[in-house]
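Here is a short briefing on one protein chain. Keep the sequence and the coordinates open while you read.

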Amino acid sequence: MDTLSLHTCTVHHLRATINKTHILFHFIAILALLYYRISHIFSGENVPVFTWGLMTMAELTFTFLWVLMQAFRWRPVTRTVSLENFPANVELPGVDVFVCTADPKKEPVVEVMNTVLSAMALDYPPEKLTVYLSDDGGAASTLYAMKEACSFARSWLPFCRKYRIKTRCPGAFFSSFGDDDRVLRSDEFKIEEENMKSKHEVFKKNVEKAGECGGINDSVVHDRPPCIEVIHDNSNGGEKEDTQTKMPNLVYVSREKRPSRPHRFKAGALNALLRVSGIMSNGKYTLVLDCDMYCNDPTSVKQAMCFHLDPNMSSSLAFVQYPQIFFNVSKNDIYDGQARSAYKTKYQGMDGIGGTVCMGTGYYLNKKALYSSPNQQDEFLLEREKNFGLSSKFINSLEGKNEESINGDGISSVGILEEARILASCAFEENTRWGKEANRIFLRLFAGEFVHRVPTALQRMEIGLSLSTKAMFLGLHHHRHERCLCSTNEMVLRIVTSRSFGFQPSHIWNLKDVHSSKYVLWKHHTVSPLRGPLRIIWHHPSVVLFIRHSLVPQGFKPMVYGICNSLCILPLSAFLRSPL
């Protein structure tokens, strides 16, 4: 009997044909523009050669970038899952959820706890689920809030399971986002809902007052030892807890930070979480979430497993990426805050030719993709201590040998907590191959930029984007443009100036271990920073002051104006519209 397919991949042939036709006509028009420009430079006419040369160089580069962008439109695909075919008797793998926060003053603790609670309420066996919160600020108020959230979860999780609530983030459920869950409900539900709402208000007040006037420090501590605390260990509940009341493991992690050592921001935090989770729960898969990106659909984990457990692709699948969607962006948003151009065009095109990029949040990652290759599964176990450090428990977790000890002693045993603190220290990965290369991987992977030049098997694995009618995760978008720009610039500067980035020219042009269909696609992300210097040329006032000749034939200005817009040469478009 054939195994039922857990997911389907649909190729949009009509859309691809239309895209290719448009690309052809567009490319002909661009060539005509370039011919006009170059022919006038060498025609001997009285034109400013230097200024025209700069603009021609910029236009050629923009054309090159435009050609690379067409890979996104070549073969668009969409993927859907078939949860009805999901086998009920299959042994589900463990899943570790990583939630990252850094500053309780910039990231409100209540919102962070809403994300943690939504992750704890995922529709997945609680004994297979562990939620880790990485507090990179080391604030005492965050640890206190974790304990309060755990207490509230003892009532919240049974309520969600009993009434099959779909919006399991409490902050969203008690707002207009939870109206669908309140339709056609019984009187018993309404009574319990009011009771749950009162408990949620008490939970919020306790968390907010703790930092304001409760005497609990909410400041970031930059010089601190590691702190690992198990807030809830589901192995201690025994047989008293049933499927309705049982909760997943909940762990608070604050890695060691010293001012004299590089900590690599979110990449370093996730690196520490990966090691700590290895000796605790050792889930085969990891869900990575930003602290303001809550789980909007509790079935997201099972939908991701429809890809990871599909025998037709599981051996070569690294991660499943869900779109990053924001709940506070207007439908009439003119700045594309939802990144529709990315998720409805670029990501579908990237998936169609064999590999998309990771957004840094909202994805389910196969941990083995960070350690090994599909064709050389055990290569990473050679010279284990040289590669991964001196922790025998961590090395055993890579081999999957610590499951019995985890199930027997529980994650809150003294020995495991002591080992976890060592793994979360600054000095653990010194003089190891993992310490030299892993942060380069994480810096690119978790900062939202995935490129092929990484020293693991991730570049040789196929990657999929899952789209559905309901958003799996919803986040908070920063409306203030100055904050968005500062965040973007800060991320770019961290990547560029970090020693672990290891940027070399060979990173752009090396074709080793890269499939030809993916090369053009990934080159677009690598060379995109070239846009900045070239746009400066067009913004520079000398361009307008020195040019006295028409940049394009007069009769073709409307057509060229449209071409310039598509090439993002907006200053040139404005110049064409203005009188000479």
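A residue counts as buried under 20% relative accessible area, as exposed over 50%, and as partly exposed in between. L184, at 84% relative accessibility, is therefore exposed. The model is a predicted one. Its protein chain holds 22 helices and 13 strands.

**Overall make-up**

- The protein chain has 580 residues, and 51% of them count as buried.
- About 27700 Å² of the protein chain is exposed.
- Carbon and sulfur atoms supply 57% of that exposed area.
- Take the contacts in the protein chain with a separation of 6 or more: 80% of them come from residues 24 or more positions apart.

**Helix α1 and its nonpolar patch**

- Helix α1 covers residues 13-41.
- It has 29 residues and reaches 42 Å from its first C-alpha to its last, close to the 42 Å expected at 1.5 Å a residue.
- Buried residues in α1 include A16, N19, I23, H26, A29, I30, L33 and L34.
- Y36, R37, H40 and I41 are also among the buried residues of α1.
- In general, an α-helix has 3.6 residues a turn, so residues three or four places apart point the same way.
- L24 sits in α1 too, but L24 is exposed, with a relative accessible area of 51%.
- L24, F25 and I28 make a nonpolar surface patch of about 340 Å².
- Why can L24 belong to a patch? Patch residues need over 30% relative accessible area, and L24 has 51%, so it clears that cut-off.

**Helix α4 and what follows**

- Helix α4 runs over residues 140-162 and has 23 residues.
- It reaches 34 Å from its first C-alpha to its last, close to the 33 Å expected at 1.5 Å a residue.
- Where does α4 bend by about 40°? The bend is at A153.
- R164 comes just after α4, in the loop between α4 and α5 (170-173).

**Positive phi in two loops**

- Most residues other than glycine have a negative phi.
- R164 is not a glycine, yet it has a positive phi of about 50°.
- R164 counts as exposed because its relative accessibility is 70%.
- L184 is not a glycine either, and its phi is positive at about 55°.
- L184 is found in the loop between α5 and α6 (187-212).
- Buried or exposed: which is L184? At 84% relative accessibility, L184 counts as exposed.

**V81 and its distant neighbours**

- V81 lies in strand β2, which spans residues 77-81.
- V81 counts as partly exposed because its relative accessibility is 22%.
- Which residues does V81 touch, not counting those up to four places away in sequence? They are L6, H7, Q303, C306 and F307.
- V81 and C306 are 225 residues apart along the chain, and their C-alpha atoms are separated by 6.4 Å.

**Salt bridges**

- The structure holds 20 salt bridges.
- One of them joins K128 and E91, with the closest N and O atoms 2.9 Å apart.
- K128 lies in the loop between α3 (109-120) and β4 (129-135), and E91 in the loop between β2 and β3 (95-101), so the pair ties together parts that are 37 residues apart in sequence.
- K128 counts as partly exposed, at 25% relative accessibility, whereas E91 counts as exposed, at 62%.
- R255 and D136 also meet in a salt bridge, at 2.8 Å from N to O.
- That pair links distant parts of the chain, 119 residues apart: R255 is in the loop between β6 (249-254) and α7 (265-280), and D136 is in the loop between β4 and α4.
- R255 and D136 are both buried.
- D290 forms a salt bridge with K266, where the closest N and O atoms are 2.7 Å apart.
- D290 is in strand β7 (residues 285-290) and K266 in helix α7, so placed that the pair links distant parts of the chain, 24 residues apart.
- K266 counts as partly exposed because its relative accessibility is 24%.
- D136, R224, R255 and K257 are joined into one network by salt bridges that share partners.

How values were computed: Residues are numbered from 1 along each chain as its sequence is written. This is a predicted model: local features need pLDDT of at least 70, side-chain atom pairs count only at pLDDT 80 or more; totals for chains, interfaces and linings use all residues. Side-chain values use heavy atoms; hydrogens and water are left out. Patches are made of residues with over 30% relative accessible area and no salt bridge: like charges are joined within 9 Å, nonpolar side chains (Val, Leu, Ile, Met, Phe, Trp, Tyr) within 5 Å. Accessible areas come from the Shrake-Rupley method with a 1.4 Å probe; for residues, only the protein chains shown count as cover. A salt bridge is a side-chain nitrogen of Lys or Arg within 4 Å of a carboxyl oxygen of Asp or Glu. Helices (H or I, at least four residues) and strands (E, at least two) are DSSP runs, numbered from the N terminus. Buried means under 20% relative accessible area, exposed over 50%, partly exposed in between (1.4 Å probe, protein chains only). The expected span of a helix is 1.5 Å times one less than its number of residues. The bend at a residue is the angle between axes fitted to the seven residues ending there and the seven starting there. Contact means heavy atoms within 4.5 Å.
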